[in-house]
Amino acid sequence: MSHGTNKADKIKEISGVNPLKCMKCGKCSATCPAFDEMDIKPHQFVSYVLNDDIEALANSKSLWKCLSCFACIERCPRDVKPGKLIDAARQIVIREKGADYLKADEIPALLDEDLPQQLLVSAFRRYRR
Amino acid sequence: MSMNNEFRPKIVAFCCNWCSYAGADLAGSSRLQYPADVKIIRVPCSCRVNPMFILRAFEKGADGVIMCGCHPGDCHYSTGNYYARRRMTLLFSMLEYLGIENGRTRVEWVSAAEGVKFSTTMNEFVDKIRSLGENVRLGDLRCKD
Amino acid sequence: MQRLIDRAKELLADGTVVRVLGWKKGDLGFNPEPAYFETAEALDSDFIYDGFCGANLSKYMIEASKKDGKTLVFLKPCDTYSFNQLIKEHRVDREKAYIIGVGCKGKLDIEKIKAMGVKGILSVEGASMDSECETLTVKTLYGDKEVSYNEAMLERCHVCKGKEHQIADEVMLESRDTKDAERFAEVEKIEAMSPLEKFEFFKKELSKCIRCNACRNVCPACSCRKCVFDSTKFDEATKANVDSFEEKMFHIIRAFHVAGRCTDCGECSRVCPQGIPLHLFNRKFIKDIDTFYGEFQAGEDTETKGPLTNFTFDDVEPSIVTERG
Amino acid sequence: MQRIGVFVCHCGSNIAATVDVKKVVEIISQEPGVAHCEDYQYMCSEAGQAKILEAVKEKNLSGIVVCSCSPRMHEGTFRKAAERAGLNPYMVEIANIREHCSWIHKDMEEATEKAVILARAAIAKVNLNAPLYPGESRVTKRALVIGGGIAGIQTALDIADAGYEVDIVEKTPSIGGRMSQLDKTFPTLDCSACILTPKMVEAAAHEKITIYTYSEVDKVTGFVGDFTVDIRKKARSIDMDKCTGCGVCQEKCPSKKTPSEFNRGLNTRSAIYTPFAQAIPNVPVIDREACIKFKTGKCGLCEKVCQAGAINYEQTDEIVTEKYGAIVVATGFDTIKLDNYDEYAYNQSPDVITSLELERVMNAAGPTKGHLERLSDGKHPEHIVFVQCVGSRCNDNRGKSYCSKICCMYTAKHAMLIRDKYPDVKVTVFYIDVRTPGKNFDEFYRRAVEEYGVNYIKGQVGKVAPQSDGSLLVQASDLLDNKQIKLKADMVVLATAIEPDPSVRRIATMLTASIDTNNFLTESHAKLRPVESPTAGIFLSGVCQGPKDIPETVAQAGAAAVKAIGLLAKDKLLTNPCTAKSDELLCNGCSVCANVCPYGAISYEVVQVNDHGIREDRRVARVNNALCQGCGACTVACPSGAMDLQGFSNRQIIAEVDAICR
Amino acid sequence: MYKINKENLSALFSLIAEANELYVPVSINGAVNFAAWDEDVQVDLDTLKTVKSPKDAFFPQSETLYSCKRNGKKLSITPEELSSKDFVVFGMKACDVKGLAVLDKVFLVDPVDSYYKARREHGIIVSLACSQPEEACFCNVFGIDASSPEGDVQVYMIGDELFWNAVTQKGEKLTEQVKSLLADTDEAKVEEEKASIKAIVERLPYSNLSLDGWGEDAVLLDKFNSPIWEELYKPCLACGTCTFVCPTCQCYDIKDYNTGNGVQRYRCWDSCMYSDFTMMAHGNNRTSQMQRYRQRFMHKLVYYPQNNDGMYSCVGCGRCVDKCPTGLNIVKVIKAFEKGGNK
């Protein structure tokens, strides 16, 4: 799993999350509305990042099943925010595929106040296809 | 390090005995590095720090002076740091008013448990002083030679 | 003025007071001096109260409080703040003072008249309390000159704290509203400068300092028996500025020691032989105190805790200085 | 000029590995005033101290600098050594070249240079040191215990048994505290009341113990050995001497709608009430906010029915001022508020309760008379879910970062008791970790699983949703099965985090005892002085210092008592000689120093002074050495420099500054 | 006699400064004092009196005497080098120049003050006649002629021109250095100016001040014990303004400054008005402000003249009259004694 180091760091950087803070309580998974459809469960995101196994994460179904509802972020008692991790993993995948239709720094100009964050995330997904 | 011509600031840190000095001790026992430019003077409480001490340090060649005390509310003497806070706020404001670079002085509240904060603060402060360079606006030329 | 003399004579005669602290005519018509009077004759011949009587007499009450009997003291509205502050600090004895709050129409600065290019002044007319206080006629060796009263006023009168006496046993003579400038305007002007400009500004001003200590010795708040700059307690005793640092040290500490106690009476700037605007130091502290800890006027009363002997749990942090730029 | 001896410690390799000790000695030997300089492996050792003794004798030293570890570590050691050598102990200064130098630097040249400078600063200071002599202060042989829970009761009993007077101040109407609210205790399942009540009675009956219930500490002045405390006895509206505790008033009281504090608001009480049947003292109080008489002026029923004539509506708060030598804080805990935890539906459903509420539900004297029933409809539950770590171990700003320590065990206790009494009830416990360090603790937990069939699931509950049929839908994860599960429960019990009683902040401020960010009182040393506050004369008992269970609390209570007894056993205390001192010739008498003194140690008197030939009466400041704690606030407030601090004088600090900046 | 147009003053200064250090009256934010000249300073020759007298060109407010350096336990001492470069003080007034004569009698008699002596030797005085004397001036009372100041070169500012008259050898030498800028002229205009100055001096308010009862013939103890001092001193703030602006006050203190690695021993002006003036281990021999106040004027008007053949150590410049924060001054003292029968 030597491939992962840079990517794991990248994920940490993008998400601003320190996965070491996780105490493995599983509240994220307990909360997740898309739990059943996921192959890698929210609480496992953290371990995958910790174990540098970004490849598996990138190839997982979960990446695209996450609704970005932020319930896990809201409920996490340790400020670990698995939702942000998965979001970051998604960004990495998109960037790698070179299908990055929008550059990150172009986005702020396109935002308006009423635009829900979720929409933006799903937009990323949609444009990838 | 002293072989090259890198600027080595003189920095005086006043630390209260109960919190910040102990915090510095903890930084030490935790082996948290910060530059040797910082020299600590132990005072019983931040309220013992007379503005004249701070000016004196600059007079004699200090490039930066930092004062550390217990967090507000945690003073061993219950109220000392509140007085210190007002005194230093006014003093620093006056120094800034006189055109002295305002990063040369700093107050930070560091508890006995905050060894990390102590070393982070000192690293930051030394960086700041290094970026400001030698103190030329507030010092006695006679002490320079 | 005659009313003041008459009242003083009455109080001397009925034994209320044993001496009068007021101003004595100078020999040039514009250089009166603070003086004690113990007889009616002395009052009749020498007492004066006009636009040149700028001296704040409250500090003289420290010595007068040690004397037997009561002293009648004339205090202008701004002087009464100093007197209150001295009471608060147990430096004067209220019981030893009979205070006549005397009106004020703005005090004159002979240096300002000279700075207008008026030379060889023999006398100044229009400075008395009875006059309209609009124009001064200055008789000089080189002819008569007319000068606007307001333009010849001390800086402090342009930012006058008001006509009210904060403490007095009785009040005599009308005051005039002389405030026509913002108290903190000069401070704000400096605050708006770049650090280097600030530094150069004060360097220039302080380079004039000759450490005569007039600012300190005239100050009613600087009433220490022995100043730290005269004692060995801090190893900072100096007599002359040898290095520019010493001017800064002296003036910062002078202002710091009176911070929260300074009533902004302006005596320091009035007496400086080199015309250094020393009030800019004190007023900076006053402005900061007002901003950080709420408005505070030293000497408004004799009880309130001073801002440096007080605190709140959520006072601003010293980093405010850096944060506000 | 002093003759100074400088001793540079290697501290094994702790210092010597980074600081070139020999070079320090070489440079420092050349400093003016240094009459002796040497290095040694371990200065704090017997042999090291012997070197000091020898050098003082041989070189006639008058001051000593030890370059070693932090003065917080060995200043006392070296002061004692100096004393043995015939010097005043305050002629010693420490240059901290370990914590502040060798341990934080890697470059040897840099660290050596710094060590030299630190040594010079200490030399500069010791040059200006003067012998200081501690004064003596008396010890009032009486202790105050703040808080009348099990911690306070035990501490008071232990101190009283040693023969010293103790007062307990308890803010509620009865002593007993949280323990009196518990039903059974782990791991033995004793009835809480059965073991607590005798202690309460013993305390009440003890001739050395005075109990102030329904009272609060109003003001604390003084210092170790000599505290003066104002205790506010809140108006009880009952004459304690007359009341027989018959309880008729409580029965007859028409105002019965106030939520019972004792039963955690699960039922109500009357306006005149004792919190529980075994209350000590068994004297009710009138809750003036609930009392009709106080609200409207009408009623007065209790006065009419009281045969003892004990009701007194006119009673006012009374201040008792008492002196103490030692104060023990035993203010205990409360559970945190769950307002920010919407996901557990605590505020939405009466069937979601905290564990402490469950204690009351399980208790025979509780709101359900000990029957396990849903509080919403009184139905017998079929399935109870316990949720662990509610608000504990939370890094967000909703809960507490620490582990509340007792929850794992009491949850096992609850689960076991329920399964024992109602085998038909299904019990599920959601846990993150089960923590059972303690004698017989893990065995206890295992019994719950193995013998009582409690279903433990590793995973946190994400959501509790009240359903229209009155049940609760619990959504959780099962981390071991890697499944998300949804369970239907009838009751949910939340193992809510505990926090120090909110009153402790005010008390800590009054005592000048330090407190951490979680409001737990700080101990003087986490390992070596765990029951002492850094503030001398203040001791810590029970949960106010940190989460702990009953046996630990009782043990700590005993330890705090012993520390207090150790203090009370002394007749005199030596005071810190590093106190402020006013130079009367420079003093202006302006009072600014007194205005900032937190101890009221400065007073003024008019004295005749001879100021270089001028004799006059002056108002000057006087420092009471017994009160002064040496903070130095006054020295900076004093503009003339008349006020100075012995041991940290202006000139000493300036000398250090000069030495460092040179 | 030479002259130069005022427009060329800057060139003149520049030329003088080539070979000498040059001190001129400089205005800083309204206060005029002697200071080293350079092209950026604001020279002010119109203000009659500088705040401080120019005495510190010869006797600086503070000067280092020697330095000690420490190396381990060894000390090395380096005396300060004596002034060795010629310097010109341009624009001293008659009273200021006379002030130096007063200092000379203190510093140049045995034991000679070598620091002062060196400066006197290297100092060249270009004195400026007072075209517009002011109300506080009374130099004539001490026999000083404001229209004809002493010095190495006398200059007069008349209209657009500056008239230059070398008086001494030093003056001649300086004239040679700047001759390229000077034009020959006669003395007619200067004589006219002198007469005009004298006429003004006669009209000065203090011109008739009487020194009867002071000086060499004063009855010292009568003056010393006079009750008048008690009345005079009371407003005195004990500041040092009068002594620091005075051209004749010569008292100094010697102090050490710790530079961290050694000591600089320096002397600085002291003021007899200060409570720690002549402070000794036992205390102070003048314990009250009255005594200190009396000392200053007794020294100027009695002790000094009696020790120096009747020469007063006051030159009537009137700076104390102008600058005392509470309106006290030597004139008031003289007048008070006159009123009190000179006792």
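Guide: Helices here are DSSP runs of H or I with at least four residues, strands are E runs of at least two, and both are numbered from the N terminus. Keep in mind as we go that this is a predicted model.

Visitor: Let's start with chain A, then. How many helices and how many strands are there in chain A?

Guide: Reading along the sequence, you go α-α-α-α-α-α-α-α-α. No β turns up in that pattern. So by those run lengths, the count for chain A is nine helices and zero strands.

Visitor: What percentage of the residues of chain A count as buried?

Guide: To be buried, a residue needs 20 or more other C-beta atoms within 10 Å of its own. Chain A has 129 residues to test that way. The share that counts as buried is 39%.

Visitor: Where in chain A is confidence lowest?

Guide: Overall, chain A has a mean pLDDT of 79, with 72% of its residues at 70 or more. Its highest point is helix α2 (residues 27-31) of chain A, at 92. At the other end of the scale there is a mean of 60, and that belongs to helix α9 (residues 117-128) of chain A.

Visitor: How far from chain A are the chains it doesn't touch, and which of chains B and E has the 49 Å gap?

Guide: Chain A and chain B do not touch, and their nearest C-alpha atoms are 18 Å apart. No contact joins chain A to the other one either, and there the closest C-alpha atoms lie 49 Å apart. That second gap is the one to chain E.

Visitor: Which pair of chains has the most contacts?

Guide: Seven pairs of chains touch in this model. One of these contacts takes four residues from chain E and four residues from chain B, and the chain E side of it is made of one nonpolar, three polar and no charged residues. The pair with the most contacts, though, is chains B and D.

Visitor: Which element supplies the largest share of the side of chain B that touches chain D?

Guide: That contact takes 40 residues from chain B and 42 residues from chain D. On the chain B side, α1 (20-29), β2 (38-43), α2 (51-59) and α3 (80-97) each supply at least two residues. By class, this side has 20 nonpolar, 10 polar and 10 charged residues. The largest share of it is six residues, and they come from α1(B).

Visitor: Over to chain C. Why is chain C called as compact as a globular protein of its length?

Guide: Chain C holds 13 helices and eight strands. For 325 residues the globule rule gives 20 Å, and chain C is called as compact as a globular protein of that length because its radius of gyration is close to that, at 20 Å.

Visitor: What share of the residues in chain C is buried?

Guide: Picture the C-alpha atoms of chain C filling a box of roughly 60 × 50 × 35 Å along the principal axes. Among its contacts between residues at least 6 apart in sequence, 67% join residues at least 24 apart. Of its 325 residues, the buried share is 54%.

Visitor: Which helix gives the most to the side of domain 1 of chain C that touches domain 2 of chain C?

Guide: The assignment gives chain C domain 1 (2-107 + 161-172) and domain 2 (185-323), with C-alpha centres 27 Å apart. Where they touch, domain 1 of chain C puts in 16 residues and domain 2 of chain C puts in 13. The domain 1 side divides into five nonpolar, seven polar and four charged residues. Nine residues of that side come from one helix, α4 (residues 77-88) of chain C.

Visitor: Which helix contributes the largest share of the largest nonpolar core?

Guide: This core has 402 residues, and C67(D) and A119(D) have the most contacts inside it. Leaving aside neighbours within four places in sequence, C67(D) is in contact with residues including V6(D), V24(D), I97(D) and A119(D). Apart from this core lies another, of 53 residues, with F83(C) and V92(C) among them. The largest share of the 402-residue core is 11 residues, from helix α5 (residues 108-127) of chain D.

Visitor: One last residue: is Q652(D) buried or exposed?

Guide: Q652(D) sits in helix α18 (residues 650-661) of chain D. Setting aside neighbours within four places in sequence, it is in contact with K125(D) and L128(D). The cut-off for burial is 20 or more other C-beta atoms within 10 Å. Q652(D) has 22, so it is buried.

Notes. Residues numbered from 1 in each chain as written. Chains lettered and ligands numbered in written order. Predicted model: local features only at pLDDT ≥ 70, side-chain atom pairs only at ≥ 80, totals over all residues. Contact = placed C-beta atoms within 7 Å. Rg over C-alpha atoms; globule rule 2.2 N^0.38 Å. Buried ≥ 20, exposed ≤ 12 C-beta atoms within 10 Å, placed from the backbone. Nonpolar A, V, L, I, M, F, W, Y, C, P; charged D, E, K, R; others polar. Core = buried A, V, L, I, M, F, W, Y, C linked by C-beta atoms within 7 Å. Domains from an automatic or database assignment. pLDDT = per-residue confidence, 0-100.
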